[in-house]
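Open your viewer and get ready to pick out side chains. Where do nonpolar residues gather, and which aromatic rings pair up?

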Amino acid sequence: TGSEYGKLLLWEGVNVKCELMRQGDGVDSREMPHMGAVEGLLVLEEGEKATHVVSGGADGYLRWWKASDIELAEPDYDSGHLEVAIEMTKEVYVAREGGQPAHIMLISRSSDDKSWFLQDGENGCLWKFDPATDECSVIFSAHARAISGILTFPNFPGLAVTSSTDGTLRAHNYTMEREGEMFVTSYPGVDVLCIQVAPPTVDPTGRTIAAGFSDGVVRVFMLFGDCFVLKQAYKPHSAAVKLLEYSPDGLFLVSAAADHTMFFMEMQALSGMARPLGFITLDSGINQIVWNDETERILTCLQNGTMAEFARPVVECIDSSETYEFALDFRAVAPEAPEEEEEEAEAVEDELDDRKDKQDSKDQKKDEEEVEVDLSTSILRAVYLSEDVVLFAATNRFLGKLWEISLRGAVNQSVVDVTFGQHTPTNAMAYARAKIPDVPVTHLSVSLSETFLLIGFADGKTWVLPLANMNY
């Protein structure tokens, strides 16, 4: 078998007999068979006799080992280790051009043994390998990890761009019946966590996109016929960029990061380049950013169960000569459920407490392991229904419904009087408007026709609700 640390293991029954190493240049020299995990193994035979074992690793190498050397391997127990050096007879390096070495997770072969197929967990590829010529070619390509965003382009029907935590952006022609991937750009070692297309006021051609990365960098690309062209890169955060949003008029690009900061960039009209204005610091993690098309204020859905709406930045009033940190006037609300909804919420909490007590009782009989039940509320997603009315989805006592709340009664806080984080949010009554599954909401938006509500759930479901029927 292979191993997570790069050695080949020879087993005898249920015990490891020896650890197979690669013979180095010296007599007693031993090297690792692979650098990284070994997951793909294939046995080559002539007739009924095994001739070679082929191993594939996370380092991108296919390596051939004599089956006879493996069969005769005997460890020297007096040496204090199980390592036995065997000769490597051949190797082939597999890597995508401009990408990382293949992480070979599986080796399969056709019935006539004229073609082998390699599953690449690093580059998201399926390789076809010709054992006669040692040539490799990609026959299928996709993201290797979770897809974090998708964009379509009104000016280019059929074009879609996806981002992934594998560090790639991929352009697709989704009108093709089979694989429609056109081109890729890759940033190994970092995740692409969010993407956003620039509005027409920034790029009338509709070819500019911004992407947020896990290392705090924001990169702006332009799409051409066969590639992504990097237009600008800047690092506004010291933590992962989770959200990106352009203002409705395209004058601002705001990014939100895992360090509870939001950074504002001013978009230059002629060049389309972004100029740094500064950042504000919030008192909680940020789940979503929503610009109000009418007031151009910016709403944040926070993990502490509140929503905060900030005034639009005034460029002329921001002084970044000494620091990029500044403050904005704001108003904040903490949603409250009606009395009957509170009773339901208390029943849910009581049930959770009962489950916790039962679980604690079981755990005392084991290792006294504690089980924590999270009863805190997090505002997951929100959309504006009007200038001051918001529809939102949240966790815990608000789970399973969509709620409407008004911001009219929220106290407008001036940065001269109070600093954000030291404020007290205004308690505001929320009213249920639609019953939905008891599953966290991951997407909430209004359709372009403004007649439907589009909802995505953590379990993979999607709902389309007519806004006219939002009377729960």
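This tour visits the nonpolar cores and then the aromatic rings of a predicted model.

**Stop one: the cores.** Select Met262, Phe264, Ile280, Leu282, Ile286, Ile289 and Phe310, which touch the most other members of the largest nonpolar core, a set of 23 residues. Now colour the elements that give two or more residues to this core; among them are strand 23 (261-267), strand 24 (274-281) and strand 25 (286-291).

Next, centre on Ile280. Beyond its neighbours within four places in sequence, Ile280 is in contact with His260, Thr261, Met262, Phe264, Phe310, Phe326, Ala327 and Leu328. For a second, separate core of 20 residues, show Leu299, Met307, Ala394 and Ala410, which are included in it.

**Stop two: the rings.** The structure holds 18 aromatic pairs. Try Phe183 and Phe228: their ring centres are 5.0 Å apart and their planes stand at 70°, so this pair is edge-to-face. Phe183 belongs to strand 16 and Phe228 to strand 20, 45 residues apart, so to speak of distant parts of the chain being linked is fair. Both are buried, Phe183 at 7% relative accessible area and Phe228 at 10%.

Widen the selection to Phe183, Tyr187, Phe213, Phe221 and Phe228, a cluster linked by ring pairs. Add Arg219, whose charged end sits over the ring of Phe213, 4.5 Å from its centre. Then find Arg207 over the face of Phe224, 4.6 Å from the ring centre.

**Last stop.** Select Phe457 and Trp463, another edge-to-face pair, with centres 5.8 Å apart and planes at 70°. Phe457 is buried at 4%, whereas Trp463 is partly exposed at 29%.

Terms used: Residues are numbered from 1 along each chain as its sequence is written. This is a predicted model: local features need pLDDT of at least 70, side-chain atom pairs count only at pLDDT 80 or more; totals for chains, interfaces and linings use all residues. Side-chain values use heavy atoms; hydrogens and water are left out. A nonpolar core is a set of buried Ala, Val, Leu, Ile, Met, Phe, Trp, Tyr and Cys residues joined through side-chain atoms within 4.5 Å. Buried means under 20% relative accessible area, exposed over 50%, partly exposed in between (1.4 Å probe, protein chains only). Helices (H or I, at least four residues) and strands (E, at least two) are DSSP runs, numbered from the N terminus. Contact means heavy atoms within 4.5 Å. Rings of Phe, Tyr and Trp (its six-membered ring) pair if their centres lie within 6.5 Å; planes under 30 degrees apart count as stacked, over 60 as edge-to-face and the rest as tilted. A charge sits over a ring if NZ of Lys or CZ of Arg is within 6 Å of the ring centre and within 35 degrees of the ring normal.
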